[in-house]
Every structure is written in structure tokens, then in C-alpha cells.
Amino acid sequence: MFGEKKKKEEPRFVETMVPNEGGCFTRILVDTENGVQYLFAYLESGGLTVMVDEDGKPLINEAYRRKTE
């Protein structure tokens with residue numbers, strides 16, 4: 001209770017900036033639980049979508065994926 005220090009938790013999502021193209025604001029968000037990548041884009045309105053490979057499977061960023069072992 002008092003005097004206890006909370007363990008600092010890592011954020012669930014991390015984001016990386018993507019260079020602006022034609023004034024569009026974009027970021028790639030990575031879920032650190034499973035490594036799935038999402039694209040966020042905003043011009044006059046915004047949208048978020050999962051990024052997929054050529055087979056339609058989510059793109060996984062292994063560098064950010066938390067190991068559950």
C-alpha cells in the first residue's frame with residue numbers, strides 16, 4: 001500500500017512517424033503484445049487499419065512483440 005512502488009508497465013502501443021506525403025499525417029502503431037502493425041492516416045479526417053501482407057495476414061513486427069514464454 002504505502003511505500004510500495006508500482007512496476008513500470010510498458011505501453012501497449014508504440015508509434016513511429018512516417019514522412020508526410022502531400023500533407024497527409026501518418027503514423028504506424030505497433031501493438032507490443034502481439035507485434036501487429038496498424039496504419040493511422042489523417043488529412044481532413046482520419047482512419048486506422050491493420051497492415052497486412054500479400055496473403056492478407058497481419059504484418060508482425062517481431063522487434064516490438066512481447067514474448068510470452
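Where along the chain does L59 lie? In this predicted model, L59 sits in the segment after β4, the strand that covers residues 46-50. At 29% relative accessibility, L59 counts as partly exposed. Leaving aside residues up to four places away in sequence, L59 touches G35, V36, Q37, M51, V52 and D53. One of these, Q37, is 22 residues away along the chain, yet the C-alpha atoms of L59 and Q37 are separated by 5.8 Å.

Stepping back to the whole chain, the layout is quick to describe. There are 4 strands and 0 helices, so to speak a plain β-β-β-β run from the N terminus on. Of the 69 residues, 16% count as buried. About 5900 Å² of the chain is exposed, and carbon and sulfur atoms supply 54% of that area. Among contacts with a separation of 6 or more, 22% come from residues 24 or more positions apart.

Next come the charged pairs. A total of 2 salt bridges turns up in the structure. In one of them, the side chains of D31 and R12 meet at 2.7 Å, N to O. This pair links distant parts of the chain, 19 residues apart: D31 belongs to strand β2 (residues 24-31), while R12 is in the segment before β1 (13-21). The two partners also differ in how much cover they have. D31 is buried because its relative accessible area is 2%, under the 20% cut-off. R12, by contrast, counts as partly exposed at 43% relative accessibility. The 2.7 Å approach between the two side chains also shows up as a polar contact. Beyond R12, the residues that D31 touches include F13, V36 and Y38, again not counting those up to four places away in sequence.

The other salt bridge joins the side chains of R27 and E15 at 3.1 Å, N to O. R27 lies in strand β2 and E15 in strand β1, so this bridge ties together parts that are 12 residues apart in sequence. Neither end is buried: R27 counts as partly exposed at 22% relative accessibility, and E15 counts as partly exposed at 48%.

What about the rings? A search of the whole structure finds 2 aromatic pairs. F13 and Y38 have ring centres 6.3 Å apart and planes at 65°, so this pair is edge-to-face. F13 comes from strand β1 and Y38 from strand β3 (residues 37-42), so the pair ties together parts that are 25 residues apart in sequence. F13 is partly exposed, with a relative accessible area of 43%, and Y38 counts as partly exposed at 23%. Both rings belong to residues already met above, since D31 touches F13 and Y38.

The rings of F25 and F40 are edge-to-face too, because their planes stand at 80°, over the cut-off of 60 degrees, with centres 6.2 Å apart. Here the link runs between strand β2, which holds F25, and strand β3, which holds F40, with their positions 15 residues apart in the sense that they are 15 residues apart. F25 is partly exposed, with a relative accessible area of 28%, and F40 is partly exposed as well, at 27%.

Definitions and conventions
Residues are numbered from 1 along each chain as its sequence is written. This is a predicted model: local features need pLDDT of at least 70, side-chain atom pairs count only at pLDDT 80 or more; totals for chains, interfaces and linings use all residues. Side-chain values use heavy atoms; hydrogens and water are left out. A salt bridge is a side-chain nitrogen of Lys or Arg within 4 Å of a carboxyl oxygen of Asp or Glu. Helices (H or I, at least four residues) and strands (E, at least two) are DSSP runs, numbered from the N terminus. Buried means under 20% relative accessible area, exposed over 50%, partly exposed in between (1.4 Å probe, protein chains only). Contact means heavy atoms within 4.5 Å. Accessible areas come from the Shrake-Rupley method with a 1.4 Å probe; for residues, only the protein chains shown count as cover. A polar contact is a pair of N or O atoms within 3.5 Å; within protein, one must be able to donate a hydrogen and the other to accept it, and residues adjacent in sequence count only if both atoms are side-chain atoms. Rings of Phe, Tyr and Trp (its six-membered ring) pair if their centres lie within 6.5 Å; planes under 30 degrees apart count as stacked, over 60 as edge-to-face and the rest as tilted.
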